[in-house]
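User: I am new to reading protein models and would like to learn how to go from the whole fold to single residues. Could you take me through one example, step by step?

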Amino acid sequence: MITFEEHVVRQHPELGAEFGWVLSGLTLASKKIEAQIRSAGLSGVYGAQGSENVQGEAQQKLDVVANDAMMESLGSRAGVAALVSEEDEAPVAFDADGGKYIVIFDPLDGSSNIDVNVNVGTIFSVHRRLADGSLDASILQEGTKQVMGGYVVYGPSTVLVYTAGDGVYGFTLDAASGAFVLTNEAMVMPEQGPYYSVNEANAVTWPEGFQAYVEMLRTGGLGIAYSSRYIGSLVADFHRTLLKGGVFLYPPTKKQPGGKLRLLYEANPLAFIAEQAGGMATTGTDRILEIQPGKIHQRTPFCVGSKREMEALQAAVGGKA
Ligand SMILES: O=P(O)(O)OC[C@H]1O[C@](O)(COP(=O)(O)O)[C@@H](O)[C@@H]1O
Ligand SMILES: [Mg+2]
Ligand SMILES: [Mg+2]
């Protein structure tokens, strides 16, 4: 039995003892979040909090519970310079001078699905604090600089997936031991898959290239009779795409011409995992991991999936293949 912490420390001794603390903070927080989700109906934490986050989105009670769990579990750890959350306007600095790592996260992804008992998750990205830069510069690094990208899906099983740049590994929370145990060694995304995943209600407001692309998938242009799947929890839609192949898209829309999903704590960690698994992640035209972030809550169009579907997308929307 190999646990998540043991796996990372064995594969990446260069990350140092402080990184072990970051890992134990991440697993502690996700176990707290999973326990709250499992008993949400009993403890009355379903529903809206009655407040908005910095992005003007209605916060759910569980968004706040999950954010508190991440802040408490990671903030007290040696090695953490700052935490950046979807739910907080500004970074929260802890050991800004001594801490080596910055953890950026979406504490609970898929909020709109919480009350109906559909899979939700936590997405995280870890950067090194730059020795000679400000905290802001350390936070606003390109996705290629990530030390680790990962997520936890709270589904029928609680599953953690991570990459630190040498492949993708999956772990399942073992209720008996309370540990995330290695269950998916060296995960590889199929080269082509049976599903496309997109909120088609927005189709009429997508740029033309995206409309033509989805129409091409629907009419057998890639030689497969696709099925559509859309959960509306990015983390769960991504997890399926990683395991089964295909493509997930959140194109620009009339309402959100710059895209909906957030670069630092949604797109970047998942793009890192996708590439490490043999897939691709772009805005349609540009590689996600090479975008220079300008602000912490920046949004981006996000397209991720198998090589075959992604190359066809690049061709349809005029990007670099
Ligand atoms: O409802 P839409 O517009 O299809 O958007 C769904 C997307 O929004 C999100 O719920 C946004 O995440 P949060 O719940 O963390 O705000 C993604 O998980 C999902 O992919
Ligand atoms: Mg999210
Ligand atoms: Mg969220």
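User: What percentage of the 321 residues in the protein do buried residues make up?

Analyst: Please keep in mind that this is a predicted model. A residue is called buried if 20 or more other C-beta atoms lie within 10 Å of its own, and in this protein 48% of the 321 residues are buried.

User: How does the radius of gyration of the protein agree with that of a compact globule?

Analyst: The idea is to set the radius against the one that a compact globule with the number of residues in question would have; for 321 residues that would be near 20 Å, and the protein has 19 Å, which agrees. Along its principal axes, the C-alpha trace spans about 55 × 45 × 40 Å. Contacts add to the picture, since one can ask how far apart in sequence the partners are: of the contacts with a separation of 6 or more, 63% are between residues 24 or more positions apart.

User: How many helices and strands are there, and in which order do strands form the open sheet?

Analyst: The protein has 9 helices and 17 strands. To read a sheet, one follows the pairing from strand to strand, and here 8 strands form an open sheet with mixed pairing, in the order β4-β3-β5-β6-β7-β8-β9-β10. The strands at the edges are β4 (92-93) and β10 (179-184), and because each has a single partner strand, one side of each is left without a neighbour in the sheet. The partner of β10 in this order is β9 (residues 168-174), joined to β10 by 5 bridges in the antiparallel sense, with D174 and A179 as bridge partners.

User: Which helices lie on or across the strands of this sheet?

Analyst: Here one looks at which strands a helix touches and at the angle between directions. Helix α2 (residues 16-38) packs on the sheet and touches β3, β5, β6, β7, β8, β9 and β10, with its direction at about 165° to that of β6. Helix α8 (residues 263-276) lies across β3, β5, β6, β7, β8 and β9, and runs at about 85° to β6.

User: Is strand β5 enclosed by the rest of the structure or left open, and why?

Analyst: One counts the buried residues in the strand: in β5 (residues 101-109) they are 9 of the 9, so this strand is largely enclosed by the rest of the structure. Its pairing can be read in two directions, for β5 pairs with β3 (residues 80-85) in the parallel sense over 5 bridges, where A82 stands opposite I102, and it is joined to β6 (residues 120-128) by 7 bridges in the antiparallel sense, where D109 stands opposite G121.

User: Which residues does the UniProt annotation "binding site" cover?

Analyst: An annotation comes from a record, in this case an unreviewed UniProt entry, and the "binding site" given there covers D109, G110, S111, S112, N199, Y230 and K260.

User: Where is Y230 placed, and where does K260 lie?

Analyst: Y230 is in the loop between β12 (227-228) and α7 (234-244), and it counts as partly exposed because it has 15 C-beta neighbours inside 10 Å. Leaving aside neighbours within four places in sequence, Y230 is in contact with S197, V198, N199 and D237. K260 lies in the loop between β13 (246-250) and β14 (261-262) and is partly exposed, with 18 other C-beta atoms within 10 Å. Under that limit on sequence neighbours, the contacts of K260 are Y250 and R299.

Terms used: Residues are numbered from 1 along each chain as its sequence is written. Chains are lettered from A and ligands numbered from 1 in the order in which they are written. This is a predicted model: local features need pLDDT of at least 70, side-chain atom pairs count only at pLDDT 80 or more; totals for chains, interfaces and linings use all residues. A residue is buried if 20 or more other C-beta atoms lie within 10 Å of its own, exposed if 12 or fewer, and partly exposed in between; C-beta atoms are placed from the backbone. Helices (H or I, at least four residues) and strands (E, at least two) are DSSP runs, numbered from the N terminus. Two strands pair if DSSP finds at least two bridges between them. UniProt positions are given in the numbering used here, feature names are shortened, and annotations may be inferred rather than shown by experiment. Two residues are in contact if their C-beta atoms, placed from the backbone, lie within 7 Å. The radius of gyration is taken over C-alpha atoms; the globule rule is 2.2 Å times the number of residues to the power 0.38. Axes are lines fitted to C-alpha atoms, for helices over the stretch in contact, and angles run from 0 to 180 degrees between N-to-C directions.
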